[in-house]
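Welcome! Here is a short briefing to read with the structure open beside you.

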Amino acid sequence: MAIITWQKAAIAFAGILVIGIFALVIVDGTFLHKQYLEPWAEDYHEQFEDPRVQALAHGVLAPNSHNLQSWRVVLEGEDSFFLYVDTDRLSPKADPPGRQATVTQGTFLEYVRIAAEELGYEAEIELFPDGEYGPDGSPENVGSKPVARVSLKEASTEARGALESRETGGSISALYPVMFLPDTYRVPYREIKLQQEDVEKLEALSTENVTIVIYQEAEDVEKLGDIAYRAAEVEAGNSGVQEEGSELFRPNEWEKNKFRYGFTMEGQGLSPFKVHVLQGLLSLFPSMNSPEAAGDSFLSQAKTAVENTPAYALIITEGNSRTAQVESGILYSRFLLTASDMGYVMQPLSQATEEYPEMAGMYKEIHEEYAGEGETIQMLMRIGVPEKEVPPTMRLDVMDIIEG
Ligand SMILES: Cc1cc2nc3c(=O)[nH]c(=O)nc-3n(C[C@H](O)[C@H](O)[C@H](O)COP(=O)(O)O)c2cc1C
């Protein structure tokens, strides 16, 4: 009798387990085709005939603020397009002046330029052809003028010959294949310093207006890590910013395919199995994704990050014009791709550079410590060799960002 009862209990338990797993798989959408990853395929651009669209199809792979991918493209004539900030996808709480959204225009332009080169075109990029929009971050302002006018001209035979003669393992640009690798590694990095010659090459990417500085002396690593962590504490305690982040969180495969922008579990170094289990649980119990829970998890990730970082880098501009912001994005892409090609990875830690009132103290502190008079720190990144690989994250379909 007792055995039968025990068997019944075991069968009931197994039944509940199976139903539970089934429910998790359904609510998560575990077996859905991941449309949101399609742009990462190396032949994704080939389905489009227009070379501009082909180049733009690479642009969506660029790193970008809050994974909002706030790019809007208006095609013009046969070979040109205008790039605007897409004001439907902004993060006004974390980025009140729209500065990170403007930096994000630059990251995109550099990816498009490299892709165009690979496709046999020279991308002539004119920044702010109608003048800059002002410092105000309202959608009406940042969306009012194009960030760039880009024209694709067929590369001359000489230019192509010169490019092809580079030793680049088959691609015209050595950076082209690197664009298909994940952009942001939020996992622990090994205790390996950057080679001095790599530091020199990376810092030499600096331009007339935008400077890259790499820090890997113990004192700076500690100081910058401390600033980054205390800024993360401020951010974790800011309900407005946390709510904004929670709204951008896509808890399962259904939502990831629907939105294709925002945040996901990927990128935290979790195995695909854990991602799906957590996604299923988050979908069944949405309260697990409260702004408070998001703040706690953000802070614990920040702690692990700063405790496992051998080096930091800053991107600094003279002044803080909109042009300087776009140029920072261009340089960030070049920096990231060049460093990836050398075997390093990065993660921006933007909190201390943000402009909302509660962050003012940290903003002042990092500028007093690391910027000169009149200079602006556009980005702070950790850099190193990752302890593990991360998967690529969501991207929009290129046609979602194109008008006309
Ligand atoms: C201007 C800018 C600021 C960013 N700030 C952060 C940040 O503070 N923390 C972070 O983890 N990633 C940051 N990122 C990386 C983006 O979150 C990331 O590029 C985006 O989510 C897409 O994911 P992926 O790069 O892994 O493909 C930033 C990227 C840019 C361009």
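## A pair of facing residues to start

In strand β8, M381 is the residue that P348 stands opposite. Please keep in mind that this is a predicted model. From this pair we can move out to the sheet around it, then to the rest of the chain.

**The sheet with β7 and β8**
- β7 pairs with strand β8 (residues 375-384) through 4 bridges, in the antiparallel sense.
- Both belong to an open sheet of 4 strands, ordered β5-β6-β8-β7, with antiparallel pairing.
- At its edges are β5 (210-215) and β7 (345-348), each of which pairs on one side only.
- On average, neighbouring strands in this sheet are turned by 30° against each other, direction ignored.

**The sheet with β3 and β4**
- Another open sheet has 5 strands in the order β3-β4-β2-β1-β9, and its pairing is mixed.
- β3 (121-127) and β9 (402-403) each have a single partner strand, so one side of each is left without a neighbour in the sheet.
- β3 is joined by 7 bridges to strand β4 (residues 148-154), and the two run antiparallel.
- Within this pairing, Y121 stands opposite E154 in β4, and I125 stands opposite V150 in β4.
- Strand β2 (residues 80-85) also pairs with β4 in the antiparallel sense, over 4 bridges.
- From the β2 pairing, F81 stands opposite V150 in β4, the residue that I125 stands opposite too.
- As background, side chains in a regular strand alternate between the two faces of the sheet.

**Two crossing helices**
- Helix α8 (residues 239-247) and helix α11 (residues 291-307) have axes that come within 9 Å and cross at roughly 95°.
- That crossing makes α8 roughly perpendicular to α11.
- On the α8 side, S239, Q242, E243, G245 and S246 take part, meeting P291, A294 and G295 in α11.
- Sorted by class, this contact has 2 nonpolar, 5 polar and 1 charged residues.

**How the chain is divided**
- The protein chain is split into domain 1 (2-31), domain 2 (37-178 + 392-403) and domain 3 (196-384).
- Between the C-alpha centres of domain 1 and domain 3 there are 41 Å.
- These two domains touch through 7 residues from domain 1 and 9 residues from domain 3.
- On the side of domain 1 that touches domain 3, the residues divide into 4 nonpolar, 2 polar and 1 charged.

**Around the ligand**
- How many residues surround the ligand? There are 21, and the closest are P63, N67, D183, T184 and S350.
- Two elements, α3 (99-119) and β7, give two or more residues to this shell.
- α3 provides the largest share, with 4 residues.
- By class, the shell is made up of 7 nonpolar, 12 polar and 2 charged residues.
- Where does the ligand's shell lie with respect to the domains? Domain 2 (37-178 + 392-403) and domain 3 (196-384) both give residues to the shell, so it lies between them.

**Points to look for again**
- β7 appears in two places in this briefing: as an edge strand of its sheet, and as an element giving two or more residues to the shell around the ligand.
- Domain 3 also comes up twice, touching domain 1 with 9 residues and giving residues to the ligand's shell together with domain 2.
- β4 has pairings with both β3 and β2, and the order β3-β4-β2 can be followed directly in the sheet.

How values were computed:
Residues numbered from 1 in each chain as written. Predicted model: local features only at pLDDT ≥ 70, side-chain atom pairs only at ≥ 80, totals over all residues. Pairing = 2+ DSSP bridges. Axes fitted to C-alpha atoms, helices over the stretch in contact; angles between N-to-C directions. Parallel < 35°, antiparallel > 145°, perpendicular 65-115°, else oblique. Nonpolar A, V, L, I, M, F, W, Y, C, P; charged D, E, K, R; others polar. Near = placed C-beta within 6 Å. Domains from an automatic or database assignment.
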